[in-house]
Amino acid sequence: MSTLRGRGTVRGLPEWDRCAVMGVVNVTPDSFSDGGHWFDTTAAIKHGLELVAEGADLVDVGGESTRPGASRVDEAEELRRVIPVVRGLASEGVTISVDTMRASVAEQSVAAGAALVNDVSGGLADRDMIRVVAAAGVPFVVMHWRGFSESMNSRAVYEDVVGEVVAELRERMDAVIEGGVDPEKLVIDPGLGFAKDASQDLALVAHLDRLRDLGRPLLVAASRKRFLGHVLAGGDATPPPARERDAATAAISALSANAGAWAVRVHAVRPTADAVRVARAVEGAA
């Protein structure tokens with residue numbers, strides 16, 4: 001089976017003939033790589049449309065930073081940030097994912113036009129999330145997660161990071177399906193950078209085939225993350241700023257596409273859009 005045929009489809013979403021590109025719109029003042037740039041609703045909508053023009057197949061809208069050490073935003077503020085942007089992009093025909101750990105934000109975002117719920121906690125942060133997603137009948141991203149941002153660095157302890165992430169994701173998938181979510185609408189995400197150090201992130205990227213063995217489409221979200229800064233660090237071990245890691249991100253996107261990922265989530269769309277198209281062309285020539 002080729003990686004193209006093995007990439008999988010997600011019931012309720014468009015089908016692409018290659019690894020899809022998910023562009024990121026952070027409607028926050030404090031995200032690690034672009035916090036504050038798209039905090040205004042009008043600017044966020046404009047940026048989302050620009051990402052689509054650059055090649056994004058879908059756009060992930062989030063109103064709460066999940067960078068290491070970040071504090072949670074309150075529910076009312078998250079709703080204020082996210083819902084107008086989702087509604088505005090949906091009115092332009094954009095396929096939207098909402099990046100939230102709150103059931104209320106997921107529910108109102110779907111009502112405003114979101115087609116996918118991307119919960120970095122996989123339904124663990126809010127006990128109502130699985131019920132809401134099941135009732136809405138929308139696809140759901142289940143990410144590997146071990147706790148909120150304030151404490152996740154201390155949880156990066158593994159004997160076998162690949163084996164443990166696969167096992168914990170399988171357990172989470174079972175719980176989500178038992179809660180009523182259609183298994184054909186599940187996407188899995190290894191949670192790069194969440195309760196993982198650089199070597200652990202790299203091990204997961206090297207073994208994406210083990211994650212694909214879970215039998216569901218795979219989302220890889222490596223964009224601008226710390227492990228890339230670690231790889232790119234100069235002789236003094238100082239990593240480049242997050243916004244200078246886009247070429248490295250595109251490299252991960254190409255590797256992920258070649259490994260059969262369903263989609264990659266990125267801040268800078270054009271380099272990755274090119275990378276996954278090249279990967280598809282090489283795959284087609286094999």
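**View 1. One aromatic pair turns up in this predicted model**. The rule counts rings of Phe, Tyr and Trp (its six-membered ring) whose centres lie within 6.5 Å. Here the rings of W16 and W262 sit with their centres 6.2 Å apart and their planes at 55°, so the pair goes down as tilted (under 30 degrees would be stacked, over 60 edge-to-face). The pair ties together distant parts of the chain, 246 residues apart: W16 comes in the segment before strand 1 (20-26), while W262 is in the loop between helix 9 (246-258) and strand 8 (263-266). Helices (H or I, at least four residues) and strands (E, at least two) are DSSP runs, numbered from the N terminus.

**View 2. How buried or exposed are W16 and W262?** W16 has 22% relative accessibility and so is partly exposed, whereas W262, at 4%, counts as buried. Buried means under 20% relative accessible area, exposed over 50%, and partly exposed in between (1.4 Å probe, protein chains only).

**View 3. Helix 2 packs against helix 3**. Helix 2 (residues 75-90) and helix 3 (residues 103-112) have axes 9 Å apart at an angle of about 20°, and are therefore roughly parallel (angles under 35 degrees). On the helix 2 side, the residues in contact (heavy atoms within 4.5 Å) include L79, V82, I83 and V86; on the helix 3 side, V105 and A112 are among them.

**Notes.** Residues are numbered from 1 along each chain as its sequence is written, and side-chain values use heavy atoms, without hydrogens and water. Local features need pLDDT of at least 70 and side-chain atom pairs 80 or more, while totals for chains, interfaces and linings use all residues.

Conventions
Axes fitted to C-alpha atoms, helices over the stretch in contact; angles between N-to-C directions. Parallel < 35°, antiparallel > 145°, perpendicular 65-115°, else oblique.
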